[in-house]
Amino acid sequence: MKTNRLRSIGAVAILAALAVAAEPARAAGFAIFEQGTKAMGLGGAFTAQADDPAGLYHNVGGLAFQRGTRAELGTTFVFLGDSKFSGAAPFPGAGATGDQTNSVKALLHAYVAQPISPKWSFGLAVNNPFGLATEWDDPDTWSGRFISEFAELRSFDIAGNFGVLATEDLGIGFGVIWRGSDVVLKRRSAAVNPFNFQVVEVAKVRLESDVDWGLGWNVGILHKACKWFQWGLSYRSKIAVDYSGTARLEQVATGDPVFDAIVAATQPFGQDIPIETRIEFPATASLGAAFTLREDLVLETDVNWAGWNSFDELAITAPTEPGLNATIPENWRSVMSYRAGLRYDLSKTSQLRFGAYYDETPQPTASTSPLLPDASRWGYSFGYGHRWTRVSLDLAVLYVDFLKRTVTDSRDGFYGSYENATWLFGATLGF
Amino acid sequence: MIRTTRSIVPALVLALSAATAQAAADLTRYVAVGDTLTAAYTNGGLVDVVQENSFPALLHRQATGSTTFEQPLVSAPGIPHLWTLDSLVPVVINTHDGEATGAPQNLALPRPYDNLAVPGAKAHDVVATTSSPSNPLVGLVLRGLGTQLAQAASLDPTFATIWIGNNDVLPAAVSGVVIDGVTLTTKAVFEPDFRTIVDTLSANGARLAVGTIPDVTLIPYVTTLPRFVVNPQTGEPILGQDGTPVPLVGPDGPLESGDFVLLSASTHLKQGYGLPQGICPIAACPPLTNGDVLSAGEVAAIRARTSELNGVITGLAAAGSFAVVDLNRTMADVAAHGITLGGVDFDAGFLTGGIFGYDGVHLTPFGYATVANEFIAAINRTFGNAIPLVDMTPFMFEGLPDFGGAPDGTVTANFRMSPEAVSALFRAIDVPTDLAGSGGTQRPRKPARVRKLPPTKPTAPWRR
């Protein structure tokens with residue numbers, strides 16, 4: 001029975017790995033902090049507790065305290081639709097607007113924690129800690145189409161971890177992270193028609209990578225200092241992924257056959273052009289402190305750091321078409337987020353959770369663009385959990401309110417304001 | 001104690017006064033003085049669809065919301081007839097010589113224009129020129145009512161823009177001949193004229209915004225043609241035995257890094273000038289002439305004089321607390337990095353860059369709108385105005401109308417710039433007539449025959 005249970009859990013984990021729907025970044029940059037529903041209900045303040053298998057993401061040190069085989073399978077639904085752009089001079093001008101496509105995205109996460117000795121435990125985690133998806137309505141007329149009409153970055157981590165009880169109060173965890181990721185970018189290309197100096201659309205451009213892989217590691221400590229206080233510290237290394245893929249240009253007729261012929265003669269239309277790029281996903285660190293205010297009431301506060309200064313540029317190279325090489329300066333900065341979560345035990349089997357956080361954007365204003373219009377944000381969450389004999393269910397809702405981002409200094413010459421708000425709903429089954 | 005308090009109060013008042021001295025500029029009565037760039041001269045002429053979006057017109061519109069800004073408008077196809085691009089490969093620019101031109105549309109205005117910029121004007125012309133037998137555009141703008149400066153002052157402006165000096169250095173660049181005092185105005189001549197302009201226009205308290213002179217060696221007229229021998233079939237440089245491109249031969253020998261071949265050299269290049277021995281198909285090809293080439297030394301002289309004159313401009317602006325629009329820096333930025341708007345790239349490239357027109361010297365409507373935003377930014381920065389920037393969208397996505405006209409014998413194929421185009425350009429920017437055209441040595445050549453522009457129809461009643 002135990003073997004069958006593990007096999008079914010493994011099958012679920014593989015299924016989760018294959019379902020890697022992208023979603024717009026919910027944590028700052030294109031990080032996704034919502035990797036477990038219980039933690040989501042607590043505003044992500046979970047580093048000092050990490051007392052369920054999702055702790056494999058928040059603090060692998062909590063793995064050392066797992067007793068018995070435990071597994072979780074969950075999903076987070078992200079409702080996208082309230083994302084708007086309002087233009088400003090010099091381009092695209094006041095009155096120009098844009099809306100991102102309404103959609104619902106689903107993220108999956110799966111965790112297994114298995115003690116292997118009185119002191120040692122093993123854990124397997126599959127989740128999606130990074131991702132982005134921006135898709136603008138009416139791409140044929142969207143004023144930002146020459147920068148981006150569609151952008152999607154998908155990732156999934158498979159992490160194998162070990163936890164060890166250094167003492168009965170101190171757990172240490174460590175492990176290896178294997179990250180797979182792919183990228184799709186779509187935009188239009190324009191040129192100045194010299195016969196009348198009119199800017200005309202001349203091509204559709206699609207860049208698509210294979211699923212490529214990078215390797216990293218993580219480490220964590222969880223210390224139950226006393227009955228009413230425990231703290232945790234976790235670190236996940238940066239991971240570089242070298243992507244390879246293809247770019248394809250499809251010509252768009254301008255209505256001027258003479259100019260179209262000249263453009264056709266100078267561009268590699270209709271070919272799959274090999275391209276390469278590299279993204280360095282940032283290192284992250286979290287420090288959390290949990291206070292048992294009462295037997296049924298625990299407050300945790302966390303501070304997180306993300307080393308986004310590793311994302312200083314995006315270099316795209318086309319080995320067979322050097323004219324398509326481009327280096328896009330990003331100049332992101334490392335940032336902090338601040339979280340607080342409160343959990344209240346209604347009974348021995350059910351729990352209410354409340355949380356809030358503030359997350360800084362690492363993206364400078366000059367890099368803010370239709371490809372990824374990031375902003376600092378506030379999050380407010382509520383959750384509920386119930387445990388039966390062999391199964392548990394966690395539910396949570398999170399509202400993310402992005403600060404209005406006004407771009408007055410733009411790398412792409414695209415000025416205006418972005419406004420965004422998102423709802424997330426999470427559900428996780430525990431076994 | 002009382003004495004100390006009394007000494008502090010005036011200081012505080014002075015401090016407050018200083019803080020409020022730069023109140024917002026009032027553009028209610030705005031007048032512009034300048035040259036082709038202020039007049040919105042493009043593709044060889046003036047035409048209303050471009051003039052209506054000259055940088056002064058845009059600045060006035062953005063600042064006041066009013067479209068009433070009087071200019072010497074000209075109907076299509078312009079005066080002179082605007083050039084057209086008849087072919088890109090090969091490049092064929094049609095100057096439409098001899099074809100019917102447009103007509104002045106605002107001659108009857110009973111007062112000076114708000115935009116008094118005269119194509120071809122130098123700083124001295126602003127204060128001294130009332131007419132010109134060789135440049136009919138002077139009469140189009142000034143109409144015998146006095147100099148640019150006199151007319152501007154008569155409007156009692158509350159605000160004025162001054163962008164002048166471009167033609168004080170440009171003739172050296174486009175003629176390829178640097179003659180101090182002839183193709184390069186000296187500081188000794190420029191400074192008193194510019195001071196007179198500034199003092200006159202600000203006499204009644206008008207605020208001023210002054211533009212610096214761009215580096216005219218960065219324009220496509222100078223930078224487009226390579227200094228190497230190019231295979232006409234492939235467009236690629238011909239490589240020598242050492243694997244490096246073979247340089248063309250100029251008046252002083254093989255062209256070196258820092259030397260430029262002007263667009264006007266097209267005629268000579270077609271005739272085989274500048275080909276080195278071994279590539280020349282005949283016994284010996286003549287070298288490119290002094291007028292075909294802008295040497296590194298000439299470039300340095302032009303840049304030094306430009307810097308000197310800009311020192312005059314910025315010094316007087318600082319003394320008067322006027323806004324400085326550093327178009328010298330703007331031009332350098334454009335030449336180095338181009339402009340990106342909405343992911344669309346513009347640059348200083350000839351024909352395809354979108355900023356410079358067919359003569360490789362003057363701007364497109366997009367270029368003039370960019371200049372307007374530079375002026376707006378400087379005025380807002382200096383005077384605390386909140387003038388909204390010009391929306392560049394129509395200047396990107398609405399092209400110029402077709403000024404086609406009938407193709408005729410003046411169309412020259414396979415040249416980047418015909419002799420007729422060069423002559424017309426030189427007339428527009430008032431290059432000395434003995435430097436117009438091609439040929440000659442380092443010394444001034446015999447005067448070339450200058451073709452006169454056809455008379456406007458009907459005969460302008462404003463000519464006296």
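In this predicted model, Ser321(B) sits just after helix 12 of chain B and takes a positive phi of about 55°. The helix that leads up to it covers residues 296-320, so 25 residues in all, and runs 36 Å from its first C-alpha to its last, close to the 36 Å expected at 1.5 Å a residue. Its buried residues are a mixed bag: Val299(B), Ile302(B), Leu309(B), Val312(B), Ile313(B), Leu316(B) and Ala317(B) are on the list, but Glu298(B), Arg305(B), Thr306(B) and Asn310(B) are buried too. An α-helix has 3.6 residues a turn, so residues three or four places apart point the same way.

Elsewhere in chain B, Gly144(B) belongs to the loop that links helix 6 (136-142) with helix 7 (148-154). Gly144(B) is partly exposed, at a relative accessible area of 42%. Between Gly144(B) and Ile238(B) there are 55 Å, C-alpha to C-alpha, with the two 94 residues apart in sequence.

Then there is the interface with chain A. Here 31 residues of chain B are in contact with 21 residues of chain A. Together the two chains bury about 2,100 Å², and carbon and sulfur atoms give 68% of that area. On the chain B side, Leu88(B), Gly342(B) and Phe397(B) lose the most area to chain A, together 24% of what that side buries. Ten residue pairs are in polar contact across the interface, while the salt bridge count is zero. The elements of chain B that give two or more residues to this side are strand 2 (84-87), strand 11 (339-341), strand 12 (344-346) and helix 15 (393-397). By class, the side has 15 nonpolar, 13 polar and three charged residues.

Conventions. Residues are numbered from 1 along each chain as its sequence is written. Chains are lettered from A and ligands numbered from 1 in the order in which they are written. This is a predicted model: local features need pLDDT of at least 70, side-chain atom pairs count only at pLDDT 80 or more; totals for chains, interfaces and linings use all residues. Side-chain values use heavy atoms; hydrogens and water are left out. Helices (H or I, at least four residues) and strands (E, at least two) are DSSP runs, numbered from the N terminus. Buried means under 20% relative accessible area, exposed over 50%, partly exposed in between (1.4 Å probe, protein chains only). Contact means heavy atoms within 4.5 Å. Buried area is the accessible area (1.4 Å probe) that two parts lose on being put together, summed over both. A salt bridge is a side-chain nitrogen of Lys or Arg within 4 Å of a carboxyl oxygen of Asp or Glu. A polar contact is a pair of N or O atoms within 3.5 Å; within protein, one must be able to donate a hydrogen and the other to accept it, and residues adjacent in sequence count only if both atoms are side-chain atoms. Ala, Val, Leu, Ile, Met, Phe, Trp, Tyr, Cys and Pro count as nonpolar, Asp, Glu, Lys and Arg as charged, and the others, Gly among them, as polar.
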